[in-house]
Amino acid sequence: MVRTGFARSATVVVSSVVFAAVGATHAVAEPASGTAPDPAAVRAALERTVAAGAPGAFAVVRDHGRSGAAGDESVAVGKSSLDGTPMNADWRFRVGSNTKMFTSVLTLRLAEQGRIDLDKPLRAYLPSGTLPEGWDMTGRQVLQHRSGVHDHTNDLLEQPGEETTSAFEKRIRDTVYTPSELVALSVKHGPQFTPGSRYAYSNTNYVLLGMAIEKITGSSYARALRDQIIEPLGLRETSYVVPDKTIAGAHITGYLTNDDRAKPLLDSTEQNGSWVGSAGAVISSAADLDRFLAALLSGSSGGLVSDESLRQMTSALPTPTAKVAYGLGLREITLSCGKVYGHGGIVQGFQTQSFATRDGKRTAVVFANASNNSAVTQGLTNTLEPAFCGTKPPAAPKSRRSADAGRAGDDTRTGSAVPSVPVVDDTRI
């Protein structure tokens, strides 16, 4: 079924709890009936995140469609900028790989219209010469990160899993790339494995999908995003401005942790997003991500995709990380109280995790304004259980040290909680 309208009622927030503090979390759980987040435990996890090196952070948890709501509640602690401006959960930021959810929705809508067959080679829907002959990974395999396509960001950032400040200044902040140039960086490495045989996260997959969207629609990715998602849903703070470097309006300042921890954080707010494009360059806000997730996961009432498309998006396959699976542009995380669906994103200076229950009735968007620091990433992850299952994370053994322990600038005296959910393997974009 082709979706042309959107039910606004599915996106109305009936009740919400907003926890904004000096650290941030990462997901939305599917709590048992009546289970509420644990604000004290959420705050504690966020404070540990800030102690690990983030200037500030927030966690926003919202319940949709629940009667007897007390209304919105907001707490903000920490800094949105090192000039002393307090953290503000209403402001805009770079969402990184949360972009992949938007790209997946655009792709599934094309599939519903019969304009792309996800089980045929994606190469047929790309500009001629984009992929070599014989590269027959399907659109579905590309959406699932099971294509065998090398991740071009490993080349740009010098090594897997790192956001080095030197590479950022040399190749990312000011350099404009075309999608075809990014794919060419990937293709030169050849296929990494037989398509469909295993999972390996690659940002190039979603660059390819963006190219397919443009080829099929005859328009830009930015216009498709605006016409099919942003305007119908009334997303006031969401945009795709590549190759512009600035974030318009009130926004949070992002900081890239210096490779040399003895040096200060690097303001990375202004950066050119062409190096990730349709895989990670969307700018948005917590309110807009909440509205998007609630509409998407509410199914036909949300109007973004058909119920069948949503079923496919949430039919997740295992990844190498325990309790983490991946569907079509949606990550599935298993918490103690159930499974949640959404995505995360880490792009220089910004970390965001956006998740929801399968029915879209509870959403959570969590954020911290620092990256290139695994202790900050772990701190965000550790907020999942208290934010969405109402349970407190176990106390950390005294002997445990964070992944960044011993580096200058990292404070391990507070002790990180034992992670309830492991940090996923793709912690960069």
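In the predicted model, Met101, Phe102 and Val105 in helix H2 meet Leu289, Phe292, Leu293 and Leu296 in helix H9. The residues of this contact divide into 7 nonpolar, no polar and no charged. Two packed helices are described by the angle between their axes and the distance between the axes. For H2 (residues 99-112) and H9 (residues 286-297), the axes come within 12 Å and cross at roughly 40°. That angle makes H2 oblique to H9, since angles under 35 degrees count as roughly parallel and the oblique class lies outside that range. The crossing of H2 and H9 is left-handed.

A second helix pair is formed by H6 (residues 179-187) and H7 (residues 203-217), whose axes come within 10 Å and cross at roughly 140°. H6 and H7 are therefore oblique to each other, because the roughly antiparallel class is reserved for angles over 145 degrees. H6 passes H7 in a left-handed crossing. On the H6 side, the contact is made by Pro179, Ser180, Leu182, Val183 and Ser186; on the H7 side, Thr204, Val207, Leu208 and Met211 take part. Sorted by class, the residues joining H6 to H7 are 6 nonpolar and 3 polar, with no charged residues. An α-helix has 3.6 residues a turn, so residues three or four places apart point the same way.

The chain as a whole has a secondary structure of 12 helices and 15 strands. Of its 429 residues, 58% count as buried. Among the contacts in the chain with a separation of 6 or more, 77% are accounted for by residues 24 or more positions apart.

Phe93 provides an example of a residue with partners from several parts of the sequence. Phe93 lies in strand S5 (residues 92-94). At a relative accessibility of 0%, Phe93 counts as buried, because the limit for a buried residue is under 20%. When residues up to four places away in sequence are not counted, Phe93 touches Phe58, Ile252, Val282, Ile283, Ser284, Ser285, Ala286, Leu289, Phe350, Thr352, Val365 and Phe367. One of these, Leu289, also belongs to the H9 side of the contact with H2. Phe93 and Thr253 are 160 residues apart in sequence, and their C-alpha atoms are 7.8 Å apart in space.

Burial was also examined for helix H11 (residues 374-381). Of the 8 residues of H11, 7 are buried, so this helix is largely enclosed by the rest of the structure. The buried residues of H11 are Ala375, Val376, Thr377, Gln378, Gly379, Leu380 and Thr381. Their cover includes two helices named here, H1 (39-51) and H12. Strands that contribute to the cover include S12, S13 (350-357), S14 (362-368) and S15 (370-371).

A search of the whole structure finds 1 disulfide. The disulfide is formed by Cys337 and Cys389, with their sulfur atoms 2.0 Å apart. The link of Cys337 and Cys389 is left-handed, with -70° about the S-S bond. The pair links distant parts of the chain, 52 residues apart. Cys337 is placed in the loop between strand S11 (331-335) and strand S12 (338-347), whereas Cys389 is in the segment after helix H12 (384-388). The two cysteines fall into separate accessibility classes: Cys337 counts as partly exposed at 23% relative accessibility, while Cys389 is buried, with a relative accessible area of 8%.

Backbone geometry was considered last. Most residues other than glycine have a negative phi, and most peptide bonds are trans. The peptide bond from Val242 to Pro243, however, is cis, with omega near 10°. Pro243 has its place in the loop between helix H8 (221-233) and strand S6 (255-256).

Positive phi values are found at His145, where phi is near 60°, and at Lys323, where phi is near 70°. Each of these is a residue other than glycine. His145 is in the loop between helix H3 (139-143) and helix H4 (153-156), and Lys323 is found in the loop between strand S9 (317-318) and strand S10 (324-326). His145 is buried, with a relative accessible area of 0%. Lys323, by contrast, is partly exposed, with a relative accessible area of 47%, because this value lies between the limits of 20% and 50%.

How values were computed:
Residues numbered from 1 in each chain as written. Predicted model: local features only at pLDDT ≥ 70, side-chain atom pairs only at ≥ 80, totals over all residues. Heavy atoms only, no water. Axes fitted to C-alpha atoms, helices over the stretch in contact; angles between N-to-C directions. Helix = DSSP H or I, 4+ residues; strand = E, 2+ residues; numbered from the N terminus. Parallel < 35°, antiparallel > 145°, perpendicular 65-115°, else oblique. Left-handed = near helix turned anticlockwise from the far one by under 90°. Contact = heavy atoms within 4.5 Å. Nonpolar A, V, L, I, M, F, W, Y, C, P; charged D, E, K, R; others polar. Buried < 20%, exposed > 50% of the residue type's maximum accessible area, 1.4 Å probe, protein only. Disulfide = S-S within 2.5 Å.
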